[in-house]
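Please keep the sequence and the three-dimensional view side by side while reading. The walk below goes from strands to cores, and then to loops and surface.

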Amino acid sequence: MTEFVRYECVDAIATVTIDRPAALNALDNATKVALRNALARAAGDADVRAVVLAGAGRAFSVGQDLRQHREQLNRSAQAAFATVAEHYNPLVMALTTMRKPVIAAVNGVAAGAGAALAFACDFRILAETTTLNLAFAGIGLAADSGASWTLPRLVGHARAIELLMLSETISASQALELGLANRIVPAEDVATAANDLARRLAAGPTVAFAAIKEALACSATLPIASALAKESALQLRVGKSADHREAVDAFLNKTQPRFTGR
Ligand code: T3D
């Protein structure tokens, strides 16, 4: 828990909440560092088996804090853009390589790096009132925070280029149609829906989930033979897990498996 990011852990679910509601959870450096630390904490805690990323107040996050950005830009572009390597890249790596499922509870507007953080999660639950805007080109920038990697995977190249170049605001229902949202719910139900999904995932085969993420992350850029070799190596790793034995025994005994995440 810090001034700008809350960390709560209940029943194997870590909830990380960006908590600058007065600034629509704009990401200044202090917030980015706190977020990076919170995600590292969730990643490093073997008892955490699912993570929820949320925003406090009416926004998920409006991305880079443009007030701080202007101050830094006034010093030098070097100073302003150091944050990409120092903060945004580690944040996206933490989410995409987290060895447990991560759910974005998108309670409200998500823009720029805020939207990109949601895209780096494994699931996105959107409030039906949420809007998304890639925003980068709107302020004369290219994509960062992994948007050039996640977006085409989620929606394909043609839609990705449209979303990035036109910077148009899209509604939650458009996001659902495009494949950017897994589901949309009334605003007051976002936290519950995210928590319900997290509870279900936290009771699942965590080692297998980590391998599914790893396989999908590299499959798009591998030739089929290499993708098959990767699947086979991962399957061997997962095959040694206690959860695999438990599930096979449970199936053959006609009982329900009790996954422990190991
Ligand atoms: O080195 C680097 O920094 C590169 C990294 C870049 C990563 C990025 O994220 S780039 C993209 C940055 N984000 C944006 O460009 C989004 C800017 N915001 C907006 O376009 C709109 O605010 C929204 C579409 C997100 C929401 O619109 P709306 O009508 O709901 O709210 P609003 O009235 O525009 O904003 C409310 C307040 O939040 C307002 O402050 P005020 O007037 O009440 O004092 C506004 O200035 C402030 N705000 C919104 N976004 C930001 C922000 N303040 C600082 N930074 C923001 N990103």
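What follows is an account of a predicted model, arranged by element.

A convenient place to begin is the hairpin of β1 and β2, in which two residues lie between the strands and aspartate 11 takes a positive phi near 50 degrees. Strand β1, covering residues 5-10, pairs with β2 in the antiparallel sense over six bridges, and within this pairing valine 5 stands opposite isoleucine 18 of β2. Strand β2 also pairs with β3, here in the parallel sense and again over six bridges, with alanine 50 in β3 as the bridge partner of isoleucine 13.

How many of the six residues of β2 are buried? The strand is mostly covered, and six of its six residues count as buried. In a regular strand, side chains alternate between the two faces of the sheet. For β2 both faces are covered, with Ile13, Thr15 and Thr17 buried on one side and Ala14, Val16 and Ile18 buried on the other.

From β3, which spans residues 50-55, the path leads on to β5, since the two strands are paired in the parallel sense over four bridges, and valine 52 stands opposite isoleucine 103 in β5. Strand β5 in turn pairs with β7 (residues 123-127), in the parallel sense and over four bridges, and in this pairing valine 106 stands opposite leucine 126 of β7. Strand β5 itself, made of residues 102-106, is mostly covered, five of its five residues being buried. Both of its faces are covered: Val102, Ala104 and Val106 are buried on one side, and Ile103 and Ala105 on the other.

The nonpolar cores come next. The largest of them has 47 residues, and those with the most contacts inside it are Val16, Leu35, Leu53, Leu151 and Leu180. Helix α4, at residues 113-119, gives the most to this core, with six residues. Apart from it lies another core, of 16 residues, which includes Val52, Ala105, Val190 and Leu197. Returning to leucine 151, and leaving aside residues up to four places away in sequence, one finds that this side of the picture involves contacts with Phe119, Leu134, Gly156, Ala160, Leu163, Leu164 and Leu180.

The loops hold several residues that deserve a separate look. Leucine 24, in the loop between β2 and α1, has a phi near 50 degrees, a positive value in a residue other than glycine. Its relative accessibility is 21%, and leucine 24 therefore counts as partly exposed, given that buried means under 20%. Aspartate 28 is found in the loop between β2 and α1, and this residue counts as buried because its relative accessible area is 10%. Beyond residues up to four places away in sequence, aspartate 28 touches Arg20, Asp65 and Gln68.

Is serine 145, in the loop between β8 (131-133) and α5 (147-155), buried or exposed? Serine 145 counts as buried, because its relative accessibility is 1%, and its phi is positive, at about 55 degrees, although the residue is not a glycine.

The last stop is on the surface, where Ile161, Met165 and Leu166 make a nonpolar patch of about 310 Å². Isoleucine 161 is placed in helix α6, which runs over residues 157-166. With a relative accessible area of 38%, isoleucine 161 is partly exposed, and so passes the cut-off of over 30% that residues of a patch must meet.

Methods:
Residues numbered from 1 in each chain as written. Predicted model: local features only at pLDDT ≥ 70, side-chain atom pairs only at ≥ 80, totals over all residues. Heavy atoms only, no water. Patch = residues over 30% accessible without salt bridge, like charges linked within 9 Å, V, L, I, M, F, W, Y side chains within 5 Å. Areas by Shrake-Rupley, 256 points an atom, 1.4 Å probe, with all protein chains shown as cover. Salt bridge = Lys/Arg side-chain N within 4 Å of Asp/Glu carboxyl O. Buried < 20%, exposed > 50% of the residue type's maximum accessible area, 1.4 Å probe, protein only. Core = buried A, V, L, I, M, F, W, Y, C linked by side-chain atoms within 4.5 Å. Contact = heavy atoms within 4.5 Å. Pairing = 2+ DSSP bridges.
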